[in-house]
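Here are a few exercises to help you find your way around a structure you haven't met before. Try each task yourself, then read through the worked steps.

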Amino acid sequence: MVFALRSTAPGPRGHGPARDAWTAFWQDGNQSRCVAGSPGIWQSLARHWDAFSASLSPGIRILDIACGAGAVARLLLAARDDIHVTGIDFARI
C-alpha cells in the first residue's frame with residue numbers, strides 16, 4: 001500500500017484565507033450536516049452509522065480525519081457511549 005502525504009505547513013502565502021473559509025463554512029449552523037434539508041437522506045445516514053457503531057469493539061478509539069463539524073462523531077456517540085472519537089479538521093471550530 002502506498003500513501004501520499006501532503007504537507008499542511010504554511011507555505012510562502014500561508015493558509016490563512018483557506019483556513020478562514022473552512023472555519024466560516026463549518027461555523028454556519030446550516031452546514032452542520034452535509035445533507036441539511038434532506039431528512040430522508042439524513043435518516044438513512046443515521047441508520048448506517050448506528051449499525052456501524054454496533055460492529056465496533058467496546059471502548060474503541062476512532063480518529064475522524066476531515067471531520068467538519070463532527071456530524072459523524074455525534075452520531076457514533078449517540079449510538080454508543082463507550083467509544084472515544086477524536087476529530088481533526090482544517091477549520092478552527
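Helices (H or I, at least four residues) and strands (E, at least two) are DSSP runs, numbered from the N terminus. This is a predicted model, in which local features need pLDDT of at least 70 and side-chain atom pairs count only at pLDDT 80 or more, while totals for chains, interfaces and linings use all residues. Residues are numbered from 1 along each chain as its sequence is written, and side-chain values use heavy atoms, with hydrogens and water left out.

**Exercise 1: the overall layout**

Work out how many helices and strands the chain has, and in what order they run.

Solution. Start with the count: there are three helices and two strands. Next, walk along from the N terminus, and the elements read α-α-β-α-β. Now look at burial, where buried means under 20% relative accessible area, exposed means over 50%, and partly exposed is in between (1.4 Å probe, protein chains only). Of the 93 residues in the chain, 20% are buried. Finally, turn to contacts, meaning heavy atoms within 4.5 Å. Among the contacts with a separation of 6 or more, 49% come from residues 24 or more positions apart.

**Exercise 2: Leu 76 and its surroundings**

Find out where Leu 76 sits and which residues it touches.

Solution. First, place it: Leu 76 belongs to helix 3, residues 71-79. Second, check its cover: Leu 76 counts as buried because its relative accessible area is 2%. Third, list its partners, skipping residues up to four places away in sequence: Leu 76 touches Trp 49, Phe 52, Ser 53, Ile 62, Ile 83 and Val 85. For one of these, Ile 62, the C-alpha to C-alpha distance from Leu 76 is 9.8 Å, with their places 14 residues apart in sequence.

Now follow the link to Ser 53, which lies in helix 2 (residues 39-54). With a relative accessible area of 2%, Ser 53 is buried too. Apart from residues up to four places away, Ser 53 touches Leu 76, Ala 79 and Arg 80.

Then widen the view to the helix. The buried residues in helix 3 are Ala 71, Ala 73, Leu 75 and Leu 76, and the buried residues of this helix pack against helix 2, strand 1 and strand 2 (84-88).

**Exercise 3: buried or exposed?**

Decide whether Ala 78 is buried or exposed.

Solution. Begin with its place, which is in helix 3. Then read its relative accessible area: 68%, so Ala 78 is exposed. To add a distance, Ala 78 and Asp 50 are 28 residues apart in sequence and 8.3 Å apart in space, C-alpha to C-alpha.

**Exercise 4: an aromatic pair**

Name the kind of pair that the rings of Trp 49 and Phe 52 form.

Solution. Set the rule first: rings of Phe, Tyr and Trp (its six-membered ring) pair if their centres lie within 6.5 Å, with planes under 30 degrees apart counted as stacked, over 60 as edge-to-face and the rest as tilted. The structure holds one such pair. The ring centres of Trp 49 and Phe 52 are 5.4 Å apart and the planes are at 85°, so this pair is edge-to-face. Both residues lie in helix 2, three residues apart, or about one turn of the helix. As for cover, Phe 52 is partly exposed at 34% relative accessible area.

**Exercise 5: charges, paired and unpaired**

Find which side chains meet in a salt bridge, and say how Asp 64 fares.

Solution. A salt bridge here is a side-chain nitrogen of Lys or Arg within 4 Å of a carboxyl oxygen of Asp or Glu. The count comes to one salt bridge. Its partners are Asp 82 and Arg 80, at 2.8 Å, N to O. Asp 82 is partly exposed, with a relative accessible area of 26%, whereas Arg 80 is buried at 14%.

For Asp 64, recall that Lys and Arg count as positive and Asp and Glu as negative, with His and the chain ends not counted. Asp 64 is in strand 1. Asp 64 is buried yet has no salt bridge, and the nearest side chain of opposite charge, Arg 74, is 9.2 Å away. Leaving aside neighbours within four places in sequence, Asp 64 has contacts that include Val 72, Ala 73 and Val 85.
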